[in-house]
Amino acid sequence: MRSYPIERVRNIGIMAHIDAGKTTTTERILYYTGMTYKIGEVDDGTAVMDWMIQEQERGITITSAATTCTWKDHRINIIDTPGHVDFTAEVERSLRVLDGAIAILCGVGGVEPQSETVWRQADKYRVPRVVFINKMDRIGADPERAIEQLRARVAAKPLPVQLPLGREDGFRGVIDLIEEKEIDWGRAIQATDFVVRDVSEEFREDVRKKRQEMIEILSETDDALMQKYVDGVEVTVPEIKAAVRRGTIGLRFVPVLFGASFRNKGVHPLLDAVVDYLPSPVDIPPVGGHHPRTGAAEARPASDDAPFSGLVFKIMSDPFLGSLAYFRVYSGKAKLGQAVYNSTKEEDVKLSRLFEVHANKKTEVKEIAAGDIAAMALTKKVDTGDTLCAKNHPIVLESIRFPEPVVSATIEPKSKSAHAKLDAALTKLKQEDPTVLIEQDRMTGQTLLRGMGELHLEAGSGIRRPGQPGQAAGRLQGDDPGPGRGRGEVRPAHRRQGGLRALRPAGRTPRARPRRRVRRRDPGRGHPPGVPGRRRERRPGGDRGRPRRRLSRDRRQGDPRRRVLPRERVDAPGL
């Protein structure tokens, strides 16, 4: 049985540039919703969502983590995504299965490069979002500049529904423009409680002006509100909230809120905005796909009565439970022990164990329904992007497309006995992370590990960590940068150690010499066409290794070691 109606379910993700405060905000959400009894800190390595050892060591989010909490009789499924560009695939597959998102901006940095990337990814999947301008307590915080950057850099239409009470070290709360209330946490470094009161006299005129601007923006996208605005009828608070919700779900604008998560300020109104403005599974269009055999278009509405369908968006390994597949249920229900159909691979998969996920902790459940995000223990091979459905109503949902890897590094086992362990670790890594490619160099026979960046290969894989079977065997190399830049090829020296010693000349070891070749593609660099470049004069091969002496001008012309003929002396009559 459902614990919450599907209308009161929110599937959201938290996305932002690195160090904007995603995990810090998630930790406050878990604490204030009662999921944790203590606030975890990223800098201390105690954050619940950053449970991997690599994340705790570096203080960054590497893999997307899912959790569930409740707020005002609503169930909120949250996925905390990484902010580093090397792990952008984690954001890609999370946004594919989410209904809404919280885009966090730094009050000082504004719209940063990775903020633009994740915004475009949300646009691709048409994910409604709210904007939370964080770190309002930092020196240099400028919310007006961040709002302007939303318009200029990502072509968004921001709708501020709050006003900040102060900024930098004077930030103490927000003013709700819809309800015309002040929410004040005070000036304490770590706020523990807040006060809600009417707007003070000093802010009343500014609030009236900003609220009027907000209603004007709403009336441009809502006909019912436009009619009341033209007639001069007072618009009520429920009508404004309903208009904000319709516009947010319709991607007409993005509500903007303010806060300082590290100081525990602004998290409560943010949770209210998630419940009030972001969509439930029934508020978004039915998920589309095609029939696996006929190719005809199919659709599945978000209903428990529809045929079962779900999409696998993540594979992870648990040290106690083995491989787990994280999937989003779009329609229908499924029970423990039931067999579902993997329409991508055309085989049956039994739901032997089902889990509700809270970071690295799992709770077994007996049934899943439309709108749920769950995990299942794998009994057969299932990959990211596979569709699970009812066999008598098959459907193939749109899969997830990942970017191509851009760098590569060589890896080798630490010892002969670690060969099998390394092969198993690489196979598991490839299944968990589709952006990782495993190749073999045809010239050297070395194993190449290809990924999205140096941090991705070092921290994301974890194979080179102490106690793991892999170690670095070469320098990091980048792929071809494309037209307009130099294209290089570097082959390192390779010493062959195999063979019998008696078959090799004494004192000599076969060695391949390095070969470096660089070809420029940019015609603007180098010599113009038809103009020969400066060439260095060469000496005969027998002269290699001798020090070069600078000869006088006369002797230089007749130097036998140079490939230049001496001048012929012409004796003219009368000279």
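Among the contacts in the protein with a separation of 6 or more, 67% join residues 24 or more positions apart. Keep in mind as you browse that this is a predicted model. The protein holds 12 helices and 33 strands, and 46% of its 575 residues are buried. Its accessible surface comes to about 30,800 Å², with carbon and sulfur atoms contributing 49% of that area.

Here are some spots to visit, grouped by topic.

**Helix α1 and what follows**

- Helix α1 covers residues 22–32, and 10 of its 11 residues are buried, so the helix is largely enclosed by the rest of the structure.
- The buried residues of α1 are Lys22, Thr23, Thr24, Thr25, Thr26, Glu27, Arg28, Ile29, Leu30 and Tyr32.
- Just after α1 you will meet Gly34, which takes a positive phi of about 85 degrees.

**Arg75 in strand β3**

- Arg75 sits in strand β3, which spans residues 74–80.
- With a relative accessibility of 11%, Arg75 counts as buried, because the cut-off for buried is under 20%.
- The side chain of Arg75 makes a polar contact of 3.2 Å with the side chain of Asn77.
- Leaving aside residues up to four places away in sequence, Arg75 touches Ser3, Tyr4, Arg8, Val9, Arg10, Thr68, Cys69, Thr70, Glu356 and Asp372.

**The loop between β8 and β9**

- Glu179 lies in the loop that links β8 (173–176) to β9 (181–184), and Glu180 is found in the loop between β8 and β9 as well.
- Glu179 counts as partly exposed, at 36% relative accessibility.
- Glu180 also has a relative accessibility of 36% and counts as partly exposed.
- Have a look at the backbone of Glu180: its phi is positive, at about 55 degrees, although this residue is not a glycine.
- Glu179 touches Val237 and Lys241, not counting residues up to four places away in sequence.
- The side chains of Glu179 and Lys241 are joined by a polar contact of 2.9 Å.
- From Glu179 to Val199 the C-alpha to C-alpha distance is 9.8 Å, and these two residues are 20 residues apart in sequence.

**Helices α8 and α9**

- Helix α8 (residues 237–249) packs with helix α9 (residues 267–277) at an angle of about 75 degrees, and their axes are 9 Å apart.
- That angle makes α8 roughly perpendicular to α9, because angles of 65 to 115 degrees count as roughly perpendicular.
- On the α8 side, the contact is made by Lys241, Val244, Arg245, Thr248 and Ile249.
- On the α9 side, the contributors are Val275, Asp276 and Tyr277.
- By type, the residues of this α8 contact with α9 divide into four nonpolar, one polar and three charged.
- Lys241 is worth a second look: this residue takes part in the contact with α9, and its side chain also makes the polar contact with Glu179.

**Asn264, ahead of α9**

- Asn264 is found in the loop between β11 (254–258) and α9.
- Asn264 has a positive phi of about 65 degrees although it is not a glycine.
- Asn264 is buried, with a relative accessible area of 6%.

How values were computed: Residues are numbered from 1 along each chain as its sequence is written. This is a predicted model: local features need pLDDT of at least 70, side-chain atom pairs count only at pLDDT 80 or more; totals for chains, interfaces and linings use all residues. Side-chain values use heavy atoms; hydrogens and water are left out. Helices (H or I, at least four residues) and strands (E, at least two) are DSSP runs, numbered from the N terminus. Buried means under 20% relative accessible area, exposed over 50%, partly exposed in between (1.4 Å probe, protein chains only). A polar contact is a pair of N or O atoms within 3.5 Å; within protein, one must be able to donate a hydrogen and the other to accept it, and residues adjacent in sequence count only if both atoms are side-chain atoms. Contact means heavy atoms within 4.5 Å. Axes are lines fitted to C-alpha atoms, for helices over the stretch in contact, and angles run from 0 to 180 degrees between N-to-C directions. Angles under 35 degrees count as roughly parallel, over 145 as roughly antiparallel, 65 to 115 as roughly perpendicular and the rest as oblique. Ala, Val, Leu, Ile, Met, Phe, Trp, Tyr, Cys and Pro count as nonpolar, Asp, Glu, Lys and Arg as charged, and the others, Gly among them, as polar. Accessible areas come from the Shrake-Rupley method with a 1.4 Å probe; for residues, only the protein chains shown count as cover.
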